[in-house]
Amino acid sequence: MRTVVAILCVLMFGCAETRRMEPLPVPDREKIPDNTGYVQNDEFVAGPPLKGLAFAPSEGNCAPERKPVTFTACCGGSPCNGHCVYADDGKTTCSCFGLAGGCSQGFVCSKVAQKCVKEDEPKVK
Amino acid sequence: MKQTAWAWLLLAAAIGSGCATTGVPVTGTNKEDPSWDGSQSETATSVANFAGKSVITVAFNDENPSQMKIDYTSTTRKVHKGASLMGWAYSENDGASWKYGGFVTPSDDWPVLWGDPAIVSSGNDQKFVFMSNLAVPKSKMPASGEIFGSLVAHIGGACIARSSNGGKTFALHQCVHNNFEFYDGGSMASSTKGDIYAAFIATDSFRYDIWHAKNENDQFTKLPDPFPKCRMAMHPRIRVGYPTLSLGSPDVSLFVAGQIYDCQKGALGGEETGAYGQIIINRYHNGNWGTPRVFSNASAINPEVTLSDRKLRTGPQFSFDVGAASIDGNDQSMNNEIRMLYTRSDGKRLWVEGSFCKFDLSANCHPAEEWGSTPGYYSYKGDQFTPNVRAFPGFLTIPSAWVGTFVTRDHAPAGNTVAIRRGSLAVFPNGTRFMIGFDFVAPLLVCGDKRGYWGDYDDLQFIGFEKNSVNARFLRTYTDSSAGCTKQWEYTSKAVHVSSAAFP
């Protein structure tokens, strides 16, 4: 066993420039990200929507004309250059992936980039 | 800790150890290389045994100026009928050197082939290798034969090319579409029975379309929707798994995973609809999809990484594999797990963490924060993102291996470079999970275009064994601008090539 360990140590430390990142000896509980709502009894569950990203259906007929693969919607009776989300008060409001109010003129809410992009933004190379 | 546990720890560490590498150029090797003048990025890798040789093929977005089909003006880009980004290179010496293979020629019915590469060799007859790209159908091509600016309004499916010499040459085999909807992403898998699968997202409909050919000569037909009660947000990833591979005949399962917008109440159990970015997974087995399982916390979707004076766009932020035994081959309960690395964000930095599921998805999946760079478990600084996972399932007396890589900025959290780390997704006999992240690819200067594009994703592939050994070997491909960052324009940058690094 000692021989094996010695050989492995040489393999591990033989390169002076190699940097290793080992787990902390004891996890720092204060720094571990909060999983409340998404992990229960050490199992993943469907969690609640993220803040500002509780997607809501478009309602009514006021959605602006839509280009392919973009969002437009009718939120709370107002046209939306984006998609609807539920606000804290339960009403629907316009957003584009967290950008309150949706995209400004000249931009579209892209389902590919999942943010506001210029109207003619090429998607890939 | 028991002596055997230490031995496993050291073994895993040894597998992962070694010096950081500058890799081997896959493209842009020198000025005589046909790929030198072009840009290549965004990779997928296959391995095939053909004519007694191992052929490794790397598919990439290939912007080859010799085609003269893509023009840049000061304000826009013009793509002509006949343009193809569907390029590849191959190696017949285990990645020691590479040869540019060319690009697939589009057809009259599908006049533009436009990136998001996926590739797989048949598990049945490896002379057949399949490669896919997004594509523009004739019906969505302007009569002028030119597309200005974005191709989003024009892409209407995907084309699959086939090689019958292990991945050295390709020709179009079949193009697939669903009422010519916009497709995005691309992921392929194959079984030892010869099934070939290709998956895309129909972005406008929030749906995954998975195409299946029963053998290498069959036509692709669409499988049922794997997530009919969910709205899918980003590229799918698929893998094939074989439970009890070493104990009997293969029992093929297809797995698909992806990030969601949300799901109908009850679709994932419970009353919640799921959070934007949660990853879900399903299994296709005996002709049916099972019940989806939640596979992650809310993951980052296409995060943009801010460097010191430039930005870096990213792609899908998860990667999983199936069917390998744990490092302790005696622990049957951990055989054939599904393991994943994915990226999370707290708005300040990105980090990578892990999760795992039972092979048959018969129970809920579990977090494995001990894998990756999770705060509280590791002291990484800066961002870690774009993870890859690959398993070698093991066979008879040959040990299994699970490896993962991720892009990191911990060497210079405020700089303009990224590096790649690697490690084993290891499990102690007592079930404790751990990962040691080793330097792998030395820091690379990011040289994306003004949008931050520098290749959205890359691949990590099992490529065989070390010489005279049963140690599994893996190959990671990546974008490399070490030839010099001489141009960063709105829609393109130079030099942008592909390199590879193998380990151990």
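How many bridges pair strand E20 (residues 253-263) of chain B with E21(B), and in which sense, parallel or antiparallel? Figure 2 has the answer.

A note before the views: this is a predicted model, in which local features need pLDDT of at least 70, side-chain atom pairs count only at pLDDT 80 or more, and totals for chains, interfaces and linings use all residues. Residues are numbered from 1 along each chain as its sequence is written, while chains are lettered from A and ligands numbered from 1 in the order in which they are written.

**Figure 1. Chain A and the side that touches chain B.**
Chain A has one helix and twelve strands; helices (H or I, at least four residues) and strands (E, at least two) are DSSP runs, numbered from the N terminus. Starting at the N terminus, the helix comes before the strands. Of the 125 residues in chain A, 33% are buried, where buried means that 20 or more other C-beta atoms lie within 10 Å of a residue's own, with C-beta atoms placed from the backbone (12 or fewer is exposed, and in between is partly exposed). Now look across to the other chain: 48 residues of chain A are in contact with 68 residues of chain B, contact meaning that the C-beta atoms, placed from the backbone, lie within 7 Å. Helix H1 (2-13), strand E1 (20-21) and strand E3 (43-44) of chain A each bring at least two residues to the side that touches chain B. H1(A) gives the largest share, five residues. Sorted by kind, the residues on this side of chain A are 29 nonpolar, four polar and 15 charged. Here Ala, Val, Leu, Ile, Met, Phe, Trp, Tyr, Cys and Pro count as nonpolar, Asp, Glu, Lys and Arg as charged, and the others, Gly among them, as polar.

**Figure 2. Strand E21 of chain B and its partners.**
Back to the opening question: E20(B) and E21(B) pair in the antiparallel sense over six bridges. Strands count as paired if DSSP finds at least two bridges between them. Gly258(B) sits opposite Ile280(B) in E21(B). E21(B) is also joined to strand E23 (residues 293-298) of chain B, antiparallel, by three bridges, and there Gln278(B) faces Ala298(B). Strand E22 (residues 288-289) of chain B is another antiparallel partner of E21(B), with two bridges; in that pair, Tyr284(B) has Trp289(B) as its bridge partner. The hairpin of E21(B) and E22(B) has two residues between the strands, and Asn286(B) takes a positive phi near 55 degrees in it. Why is E21(B) (residues 278-285) described as largely enclosed by the rest of the structure? Because seven of its eight residues are buried.

**Figure 3. From chain A into the strands of chain B.**
Two antiparallel bridges join E1(A) to strand E35 (residues 437-445) of chain B, and Met21(A) has Gly437(B) as its bridge partner there. E35(B) pairs with E32(B) too, antiparallel and over five bridges, with Thr417(B) opposite Leu445(B). E32(B) is joined to strand E31 (residues 401-408) of chain B by six antiparallel bridges, where Thr405(B) partners Arg422(B). Seven of the eight residues of E32(B) (residues 417-424) are buried, so this strand is largely enclosed by the rest of the structure.

**Figure 4. An open sheet in chain B.**
Three strands in the order E4-E5-E11 make an open sheet with antiparallel pairing. Strand E4 (70-72) and strand E11 (146-148) of chain B are the edge strands, each pairing on one side only. E4(B) is joined to strand E5 (residues 77-80) of chain B by three bridges, and Ile70(B) stands across from Val79(B).

**Figure 5. Two aromatic residues of chain B.**
The largest nonpolar core has 173 residues, and Tyr197(B) is one of those with the most contacts inside it. Such a core is a set of buried Ala, Val, Leu, Ile, Met, Phe, Trp, Tyr and Cys residues joined through C-beta atoms within 7 Å. Not counting residues up to four places away in sequence, Tyr197(B) touches several residues, including Met188(B), Trp211(B) and Leu254(B). Phe60(B) lies in strand E3 (residues 53-63) of chain B and is buried, with 32 other C-beta atoms within 10 Å. With residues up to four places away in sequence left out, those touched by Phe60(B) include Gln40(B), Trp88(B) and Val498(B).

Technical notes:
Two residues are in contact if their C-beta atoms, placed from the backbone, lie within 7 Å.
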